[in-house]
Amino acid sequence: MTMRGQDSIHDAVGAYVLGVLDDADVSAFEAHLAGCDICAVHVEEFSGLEPMLAALADAPVPPAAASPLLRRVGAPAGASPPPRPLPVLPGPPGPRVLGGVLDEVAGQRAARRRRGRYLVAAAAALVVAVPVTTYAFIRDGDAPKGSVEAHPTSPAEDAFFHHMPEKVRATDPTTRVSATVGLEKKGWGTHAVLELKGVKGPLKCNLVAVSKTGEEEIITSWSVPRWGYGIPDGPSDASKAPLYVHGGAAMAREDIDRFEVRTFDNQKLVEIDA
């Protein structure tokens, strides 16, 4: 291999480390290396691949065929030290291995760039997630009195409730809990969205569909904070707003007789004829 020009000398780092340069090119490259920080950095990068190269070596290489780095290990006393610390590597593998080494270095650099992009994306996701999480707490009534919500309506309300083709309503005369159920026929059963008002907690509740033959299905469940939902004089905007939840039943729409809002201990808060 004969080097001509500055670019060729820069490109010879891999060949130098692997010992595939002839003696004249080794001398020329070492003279160049003494004053070139770029090549010195590349030599240090290749040193990290020493275990891989050692594994590829089939057998010990005779001293005469060893790379210039190995020959330096046995240099006589008084010989000039190398311009920078250099790794001790096994003998030179073939040209295919050299190509693999260069590909490995490029792959390592690409992996570092990908990891950097992933970290940036993760940081951005955290920045986005913080206001979403805050909104979830506020919507559930955990905000202090007088707090302002980022979004005044529920996704279940925006996406489904106002677009439901059918709605049924009822208010219980004893509990004063009001409920409106929006209904939509589906191939798999019935999609239902509940609007609930006038309920205080702490409670855990279910929306139950009851068929004309008495079969029951729980459509969805939720919890109610102590200050409630749909309370006109509630302590916060979240407590004054209705609760919107949605779910589905396997029952066909025509098979449903009524809906019931019940607590987990089976207390009925309101019944809605379907």
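Start by selecting Gly214, which sits in the loop between S4 and S5. Strands such as these (E, at least two residues) and helices (H or I, at least four) are DSSP runs, numbered from the N terminus. Gly214 has a relative accessible area of 48%, so it counts as partly exposed. The class takes in everything between buried, under 20% relative accessible area, and exposed, over 50%, with a 1.4 Å probe and protein chains only. Now add Asp257 to the selection: the two residues are 43 apart in sequence, and their C-alpha atoms are 8.4 Å apart in space.

Two notes on reading the model come before the next stop. This is a predicted model, in which local features need pLDDT of at least 70 and side-chain atom pairs count only at pLDDT 80 or more, while totals for chains, interfaces and linings use all residues. Residues are numbered from 1 along each chain as its sequence is written, and side-chain values use heavy atoms, with hydrogens and water left out.

**The whole protein**

Zoom out to the full chain. The protein has 9 helices and 8 strands. Of its 274 residues, 38% are buried. The accessible surface is about 15600 Å², and carbon and sulfur atoms hold 57% of that; such areas come from the Shrake-Rupley method with a 1.4 Å probe, and for residues only the protein chains shown count as cover. Among contacts (heavy atoms within 4.5 Å) with a separation of 6 or more, 58% are between residues 24 or more positions apart.

**The four-strand sheet**

Select S5, S4, S7 and S8. In that order they form an open sheet of 4 strands with antiparallel pairing; two strands pair if DSSP finds at least two bridges between them. Strand S5 (216-224) and strand S8 (268-273) are the edges: each has a single partner strand, so one side of each has no neighbour in the sheet. On average, neighbouring strands here are turned by 15° against each other, direction ignored. The axes are lines fitted to C-alpha atoms, for helices over the stretch in contact, and angles run from 0 to 180 degrees between N-to-C directions.

Stay with strand S4 (residues 203-211), which runs antiparallel to S5 and is joined to it by 8 bridges. To see one pairing, pick Lys204, whose bridge partner in S5 is Ser223.

Step back to Pro202, in the loop between strand S3 (189-197) and S4. The peptide bond between Gly201 and Pro202 is cis, with omega at about 5°.

**Along S3**

Next, select S3 itself. The strand is mostly covered, with 8 of its 9 residues buried. S2 and S3 make a hairpin with 2 residues between them, and 9 bridges join the two antiparallel strands. Lys185 is a place to look, since its bridge partner in S3 is Thr190. S3 also runs antiparallel to strand S6 (residues 243-249), with 7 bridges between them; there, Leu196 has Leu243 as its bridge partner.

**Two loops with positive phi**

Most residues other than glycine have a negative phi, and most peptide bonds are trans. Go to Arg176, in the loop between strand S1 (166-171) and strand S2 (178-186). Its phi is near 65°, a positive value in a residue other than glycine. Arg176 is exposed, at 54% relative accessible area.

Then select Asn266, in the loop between strand S7 (256-263) and S8. Asn266 is not a glycine, yet its phi is positive at about 75°. Its relative accessibility of 56% makes Asn266 exposed.

**Cysteines**

How many disulfides does the structure hold? There are 0, where a disulfide is a pair of cysteine sulfur atoms within 2.5 Å. Cys36 is in no disulfide, and the nearest cysteine sulfur, that of Cys39, is 3.7 Å away. Cys36 is buried at 8% relative accessibility. Cys205 is also buried, at 0%.

**Confidence**

Last, colour the model by pLDDT, the predictor's confidence in each residue, from 0 to 100. The average for the protein is 73, and 56% of the residues score at least 70. Of the elements, S7 has the highest mean pLDDT (98) and helix H6 (residues 68-73) the lowest (48). Two stretches to select are residues 61-66, where pLDDT stays under 50 and the model has 5 contacts beyond four places in sequence, and residues 70-75, again under 50, with 11 such contacts. Where pLDDT is low, the predicted coordinates should not be read in detail.
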